[in-house]
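Q: Got a minute to go through this one with me? I have a few short questions.

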Amino acid sequence: MPQRNVVSWTALMCGYLQNGDAKTSLSLFSKMGRSTVKPNEFTLSTCLKASGILGIAESGMQIHGVCAKSDFDWVPVVGNSIIDMYSKCGKVGDAERVFNTMAVRNVISWNAMIVGYTNGRSGEEALNLFRKMQEKGEVPDGYTYSSTLKACSCVGSVGKGMQIHAALIRQRFPYLAQSAVAGALVDLYVKSGRITEARRVFDRTEKKSVTSWSSLILGYAQEDNLPEAMHLFKQLRESRYKLDGFVLSSLIGVFADFSLLEQGKQMHAYTIKVPCGLSETSVANSVLDMYMKCGLTDQAEALFREMAARNVVSWTVMITGYGKHGIGNKAIQLFKEMQENGVEPDSVTYLAVLSACSHSGLINEGQRYFSSLCDNSHSKPQIEHYACMVDLLGRGGRLKEAKDFIEKMPMKPNMGIWQTLLSGCRMHGDVEMGKEVGDIVLSLDGNNPANYVMMSNIYADAGYWNECEKLRDTVKRKGLRKEAGRSWVEIDKEIHVFYNGDGMHPLIEKIHQVLKEMEKRVKEEIGYVHNVNFALHDVEEESKVESLRVHSEKLAIGLVLLRRGLKGERMIRIFKNLRVCGDCHTFIKGLSKVLKTVFVVRDANRFHRFENGLCSCRDYW
DNA sequence: CACCTGGTGC
């Protein structure tokens, strides 16, 4: 048996840690503790790092104890590792205590604490510390700058970030040669919507990193500049930089948001071929979500079942997706299954399952899950969960109960909660309560056009034309405009966007021709007539029937029918930024029967799957 | 042997 000293133990621990095996590194430390060999400062900092990576506070605290007992805790390397370990384990308070009582602090201690504050508590505190360290005469380095810039972005203060940027230039700090600093700047500008500024820094960066590529690509995507995002992605792919899961999952997330199925499918194929692709859970999750948001539940389900590792996000994607498709039972089944698999639902998962219950009218189940959330030790109900419950009760027609629920809430109800109740009032034609709730909503925000539209719809449904007219006048007087209705459809990988009343499309005449013909056929089949009440969704004064005919979802459908003729694919997917109107809903139902075609319409709230004259929302949305 | 920037579900 060869002699083993502290150096050999430590070297081995370092080796495992570098190979990404923090667990073995830690167990080596406890094994060493049972021998006669005593750890030195390097051993201690190594296993503190391992605890931090694993996020195991218990073992970290134990090691902290060992450090204190062996008088190593005052050594800077060890002290800094302790700070880092506590902040990685989510115990900023402990990190702070160690930091404040440290005898010897170096720039690394300050840096570690700045990161701790940013991740664990607040960017404000991180920024304060940044100021304080300079007051104490400490000179910030690249680590300081990148972490502090992140803190600026967390508190949403571009101004502070720009000041730092200016200071870097003034001091001739070589930030363009340090990828982390330049990357943090790019990300800060991206997150604050200054894409041009971000691009300028990116282009000048000498040492780019995948991180800054990733930030920039997402930045373009977020401002709807998909061509530029794709162009950059292509460049990145052809460059010497190694693609990673971050870039892929962000890009696929964008395809999901825009429901770009063809692009998404192509990227799915790509993720199978690259090492950083589908095997990473986050990438697979983004693909799942993409299929769900494009309406392809079966594809998503298949992929979900064959995924190597599923985390809470994977389950939540599926539950949310099924919920939005109105398949509440499936959502509930998955929620149970995930718990059987030992995956703990978080607050987003609860939101998903509650909203699934709501969309499928499963009131009792929803109430059961809400109370299980109240009893849950990991997460507690937040205002969004309360809103879900109001929606659940309101949709179910239990308006009085919903109102009581709001009044008994432990937090102050926000406008969204009252808006939810208001839409329940509309659904069930309760003008009395609608009036009451409408007053509350308008008092909370009298400049939100959606509030007036909802109220005017309640009055219109009940035939109170005078009240309706009054509201319209108010909207006009205040000069409020509702978000323009917009629908889009993907044909041959190309996106065609239509706005309500859009007359700009080169094929608009032919689109109207097709739509008129379809109206005739649907009318013959199911006796469809325009329901002019829905015209009140539009604040503009147009002939009602005419204005219904130019709803963007109808125009998009018209284009698809024109392009594919009456043959072609048996499933047509349309996307809309607002909720689909009742008239269009009836029309599409009829169309699905007449053309023997499935229409999947994703609106602002949920999916509608129209098949053989029926819709998956059961006319209840 | 310590400290840094980007992503997926609401």
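The chat below covers the domains, the DNA contacts and the salt bridges.

Q: Is this predicted or experimental?
A: This is a predicted model.

Q: OK. What does the domain assignment give for chain A?
A: In chain A it gives domain 1, residues 209-309, and domain 2, residues 486-615.

Q: How many residues does each one put into the contact?
A: Domain 1 contributes 14 residues and domain 2 contributes 9 residues.

Q: What separates the centres of domain 1 and domain 2?
A: Taken over C-alpha atoms, the centres of domain 1 and domain 2 are 30 Å apart.

Q: And how much area do domain 1 and domain 2 bury between them?
A: About 940 Å², with 50% of that on carbon and sulfur atoms.

Q: Which helices supply the domain 1 side?
A: Helix H15 (245-258), helix H16 (261-273) and helix H17 (281-293) each give at least two residues to the side of domain 1 that touches domain 2. H16 has the largest share, 4 residues.

Q: What's the make-up of that side by class?
A: The side of domain 1 that touches domain 2 has 7 nonpolar, 4 polar and 3 charged residues.

Q: How many salt bridges across that interface, and how many polar contacts?
A: The rule finds 0 salt bridges between domain 1 and domain 2. For polar contact, it finds 7 residue pairs across the interface, both residues at pLDDT 80 or more.

Q: Switching to the DNA. Which residues come nearest to strand B?
A: There are 46 residues around DNA strand B, and Phe42, Asn111, Ser146, Asp244 and Ser282 come nearest. Of the atoms of DNA strand B within 4 Å of the protein, 39% belong to sugar and phosphate.

Q: Which side chains have a polar atom by a base nitrogen there?
A: Asn80 and Asp346 are examples. Asn80 has a polar side-chain atom 2.9 Å from a base nitrogen of DNA strand B, and for Asp346 the distance to a base nitrogen is 2.7 Å.

Q: What about a phosphate oxygen?
A: A polar side-chain atom of Lys49 lies 3.4 Å from a phosphate oxygen of DNA strand B.

Q: And the classes on the surface near the strand?
A: Near DNA strand B there are 16 nonpolar, 20 polar and 10 charged residues.

Q: Back to salt bridges. How many does the rule count?
A: The count comes to 26 salt bridges. One of them joins the side chains of Asp84 and Lys88, at 2.8 Å from N to O.

Q: Where do Asp84 and Lys88 sit?
A: Both are in helix H5 (residues 76-88), 4 residues apart, which is about one turn of the helix.

Methods
Residues are numbered from 1 along each chain as its sequence is written. Chains are lettered from A and ligands numbered from 1 in the order in which they are written. This is a predicted model: local features need pLDDT of at least 70, side-chain atom pairs count only at pLDDT 80 or more; totals for chains, interfaces and linings use all residues. Side-chain values use heavy atoms; hydrogens and water are left out. Domain bounds come from an automatic or database domain assignment. Contact means heavy atoms within 4.5 Å. Buried area is the accessible area (1.4 Å probe) that two parts lose on being put together, summed over both. A salt bridge is a side-chain nitrogen of Lys or Arg within 4 Å of a carboxyl oxygen of Asp or Glu. A polar contact is a pair of N or O atoms within 3.5 Å; within protein, one must be able to donate a hydrogen and the other to accept it, and residues adjacent in sequence count only if both atoms are side-chain atoms. Ala, Val, Leu, Ile, Met, Phe, Trp, Tyr, Cys and Pro count as nonpolar, Asp, Glu, Lys and Arg as charged, and the others, Gly among them, as polar. A residue is near a molecule or strand if one of its heavy atoms lies within 4 Å of it.
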